[in-house]
Amino acid sequence: MTDRQHGPRPRPNLDALSAHRPGKPDYAGSFVLSANENPYPPLPGVLETAVAAAGGCNRYPDMAVGELTTELARHFGVPAGHVVTGPGSVGVTLSLVLAMAGEGDEVVFAWRSFEAYPVVTRICGAVPVPVPLTADGAHDLDAMLAAVTDRTRVVFVCNPNNPTGAALRRDELVRFLDAVPAHVLVVLDEAYLEFARDAAVPDGIDLYRDRPHVCVLRTFSKAYGLAGLRVGFAIAHEPVAAALRKTAVPFGVSQLAQDAAVASLRAEKALLERVEALVGERTRVTAALRSQGWTVGDSQANFVWLRLGDRSLDFAAACAEAGVAVRPFEGEGVRVSIGEAEGNDVFLAAAEVFRKQI
Ligand SMILES: *Cc1c(COP(=O)(O)O)cnc(C)c1O
């Protein structure tokens with residue numbers, strides 16, 4: 001007997017979400033500049049460490065993530081109790097919203113920004129409150145402040161912003177943080193901070209120290225090049241940090257990921273060299289695009305943003321045809337990650353051809 005009407009019913013807040021589709025696009029033979037990944041292989045010593053850890057994969061990982069947590073606390077000069085790791089900073093984001101917001105609560109974020117914010121908010125049954133970016137692709141902090149109500153539990157600030165690459169300055173961010181009501185947790189998502197070169201862009205960890213309502217999110221996926229291993233972390237005061245430990249998936253960070261992250265932190269010199277090389281490529285790509293006639297902002301991240309509007313999908317198709325995968329946002333623009341010089345050159349050639357046609 002089947003009775004679909006009375007069968008298991010997923011929570012209705014999931015209806016607004018699209019299911020993840022199985023299968024991966026076929027990027028064979030293409031340069032992949034669509035996911036802001038690092039084009040370099042793991043940092044020196046990381047692969048060896050990961051291989052050694054893989055040998056122990058019949059065992060559960062360290063549930064407390066002790067070594068990595070201690071290393072992060074030392075690295076950033078924060079109490080170990082304030083560091084909470086998770087399976088990518090997306091995993092930590094889910095723990096965060098689960099910990100802070102439930103049915104009917106509001107989560108404010110800029111839009112367009114990172115796609116995970118509205119998704120995670122809906123999963124938790126909370127209400128997404130997107131606030132349009134300014135014309136330059138920056139967070140409109142005054143409008144975000146105006147969007148805060150007594151139902152607001154979390155505000156995400158993505159600095160630098162994905163996908164526009166715009167970054168907030170210290171003075172404007174400080175003014176915002178000090179104006180937000182004390183009951184609201186402000187999450188500074190700094191997935192790309194290592195790539196920022198504008199000296200006015202603050203380090204969120206300095207802003208968190210004496211502000212109990214500020215939490216910083218970082219990831220090993222971008223500058224550190226460990227996207228495939230899934231490890232990110234939050235730095236937050238109590239009681240938020242303890243709540244994050246309660247809502248985290250147990251054993252969510254594999255031993256392989258934990259050990260690779262520790263080894264990556266210890267390879268800081270090589271990391272800084274690679275980030276510097278990518279920043280150099282960003283400067284080169286930006287200048288080349290401008291000389292082709294494009295309007296491009298000064299991205300503080302490892303990607304550039306082209307405001308193509310209705311031409312976004314066509315542009316992405318032209319890039320794919322030329323052998324480079326980029327990330328279009330229909331009707332808005334196209335985000336192009338900075339990759340190895342060769343891939344960037346293929347992209348620039350495709351952009352030049354397209355530019356001449358419009
Ligand atoms: C890529 C990205 C992350 C990191 O995601 P992981 O789950 O750590 O791979 C977080 N925030 C933003 C804004 C990002 O673009």
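**Notebook: ligand site and backbone**

I began at the ligand and found a polar side-chain atom of D189 lying 2.8 Å from one of the ligand's nitrogen atoms. The model I am reading is a predicted one, and I keep that in mind for every entry below.

**Entry 1, ligand contacts.** I looked next for oxygen atoms of the ligand. Y192 places a polar side-chain atom 2.6 Å from an oxygen atom of the ligand. For S221 I also noted a polar side-chain atom 2.6 Å from a ligand oxygen atom. I then checked how much of the ligand is covered: taken alone it exposes 390 Å², and the protein buries 93% of that.

**Entry 2, the shell.** Which residues come nearest to the ligand? I counted 13 residues around the ligand, and the nearest are S89, Y192, T219, S221 and K222. Y192 and S221 are thus in this nearest group, and each also has a polar side-chain atom 2.6 Å from a ligand oxygen atom. By residue type, I sorted the shell into five nonpolar, five polar and three charged residues. Helix α3, residues 88-100, gives the largest share of the shell, with three residues. I looked up the pockets as well, and the space that the ligand takes is the largest pocket.

**Entry 3, the annotated domain.** I consulted the UniProt record, an unreviewed entry. Its annotation "domain: Aminotransferase class I/classII large" covers residues 32-348. Over that stretch I read 39% helix and 17% strand for the chain. The C-alpha atoms at the two ends of residues 32-348 are 14 Å apart.

**Entry 4, cis peptide bonds.** I went through the backbone for peptide bonds in the cis form. N159 and P160 are joined by a cis peptide bond, with omega about -5°. I placed P160 in the loop that runs between β5 (152-158) and α6 (170-179). Another cis peptide bond leads from E238 to P239, where omega is near 5°. P239 belongs to the loop between β8 (232-235) and α8 (240-247).

**Entry 5, a positive phi.** Where does R230 sit along the chain? I found R230 in the loop between β7 (214-219) and β8. I listed R230 for its positive phi of about 65°, although it is not a glycine.

Terms used
Residues numbered from 1 in each chain as written. Predicted model: local features only at pLDDT ≥ 70, side-chain atom pairs only at ≥ 80, totals over all residues. Heavy atoms only, no water. Near = heavy atom within 4 Å. Polar contact = N/O pair within 3.5 Å; in protein donor to acceptor, adjacent residues only side chain to side chain. Areas by Shrake-Rupley, 256 points an atom, 1.4 Å probe, with all protein chains shown as cover. 1 Å grid on protein atoms, 1.4 Å probe; cavity = no way out; pocket = protein on both sides within 12 Å on 5 of 7 lines; lining within 4 Å. Sits in = over half its atoms within 2 Å of the grid points. Helix = DSSP H or I, 4+ residues; strand = E, 2+ residues; numbered from the N terminus. Nonpolar A, V, L, I, M, F, W, Y, C, P; charged D, E, K, R; others polar. UniProt positions renumbered as here; feature names shortened; annotations may be inferred.
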